[in-house]
Amino acid sequence: MTSKNRIMIYGPKDDGTYVVEFMTAEGDVLSISILRSEAAVIRHFQERMPYGLYVPDEYPDGFG
């Protein structure tokens, strides 16, 4: 099984914030918290990718 980079959006939490988690194929993680007042764009993407986004480690020729 090939490891993949991953972006996940969690929320909204009880206080209206969202957490965006970026994980590399190697397991490195960066999480950021988005305030309710700044969350419009996060809601937009969460509606369109409710199960997260997987980014391939290798790109087809001409990309990356």
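Biologist: Which side chain does the side chain of E21 make a polar contact with?

Modeller: With the side chain of R6, at 2.5 Å. Keep in mind that this is a predicted model.

Biologist: OK, and what do the side chains of R6 and E21 meet in?

Modeller: A salt bridge, with 2.5 Å from N to O. The pair links distant parts of the chain: R6 is in strand β1, residues 5-10, and E21 is in strand β2, 15 residues apart. As for the chemistry, side chains of opposite charge can pair when their charged atoms come close.

Biologist: Where does strand β2 run?

Modeller: Strand β2 covers residues 18-23, and E21 lies in it.

Biologist: Is E21 buried or exposed?

Modeller: Buried. Its relative accessible area is 15%, and the cut-off for buried is under 20%.

Biologist: And what does R6 count as?

Modeller: R6 counts as partly exposed, because its relative accessibility is 21% and partly exposed falls between the 20% and 50% cut-offs.

Biologist: Which residues is E21 in contact with, leaving aside its neighbours within four places in sequence?

Modeller: R6, I7, M8, Y10, V29, L30 and S31. So R6, the salt-bridge partner, is one of the residues on that contact list.

Biologist: Switching topic. How many salt bridges does a search of the whole structure find?

Modeller: It finds 2. Besides R6 with E21, the side chains of E47 and R48 meet in one, at 3.4 Å from N to O.

Biologist: Are E47 and R48 buried or exposed?

Modeller: Both E47 and R48 are exposed. Compare that with the other pair, where E21 is buried and R6 is partly exposed.

Biologist: Now the greasy stuff. Which residues make up the largest nonpolar core?

Modeller: There are 7 residues in all: I9, Y18, V20, I34, A39, I42 and M49.

Biologist: What does A39 touch, not counting residues up to four places away in sequence?

Modeller: A39 touches Y18 and I34. Both Y18 and I34 are on the list for that core too.

Biologist: What about the outside: which residues make a nonpolar surface patch?

Modeller: F22, L30 and I32 make one of about 250 Å². L30 came up earlier, as one of the residues in contact with E21.

Biologist: Which strand does F22 lie in?

Modeller: Strand β2, and E21 lies in strand β2 as well.

Biologist: Then why does F22 count as partly exposed?

Modeller: Because its relative accessibility is 33%, and partly exposed means between 20% and 50%. E21, at 15%, counts as buried.

Terms used: Residues are numbered from 1 along each chain as its sequence is written. This is a predicted model: local features need pLDDT of at least 70, side-chain atom pairs count only at pLDDT 80 or more; totals for chains, interfaces and linings use all residues. Side-chain values use heavy atoms; hydrogens and water are left out. A nonpolar core is a set of buried Ala, Val, Leu, Ile, Met, Phe, Trp, Tyr and Cys residues joined through side-chain atoms within 4.5 Å. Buried means under 20% relative accessible area, exposed over 50%, partly exposed in between (1.4 Å probe, protein chains only). Contact means heavy atoms within 4.5 Å. Helices (H or I, at least four residues) and strands (E, at least two) are DSSP runs, numbered from the N terminus. A polar contact is a pair of N or O atoms within 3.5 Å; within protein, one must be able to donate a hydrogen and the other to accept it, and residues adjacent in sequence count only if both atoms are side-chain atoms. A salt bridge is a side-chain nitrogen of Lys or Arg within 4 Å of a carboxyl oxygen of Asp or Glu. Patches are made of residues with over 30% relative accessible area and no salt bridge: like charges are joined within 9 Å, nonpolar side chains (Val, Leu, Ile, Met, Phe, Trp, Tyr) within 5 Å. Accessible areas come from the Shrake-Rupley method with a 1.4 Å probe; for residues, only the protein chains shown count as cover.
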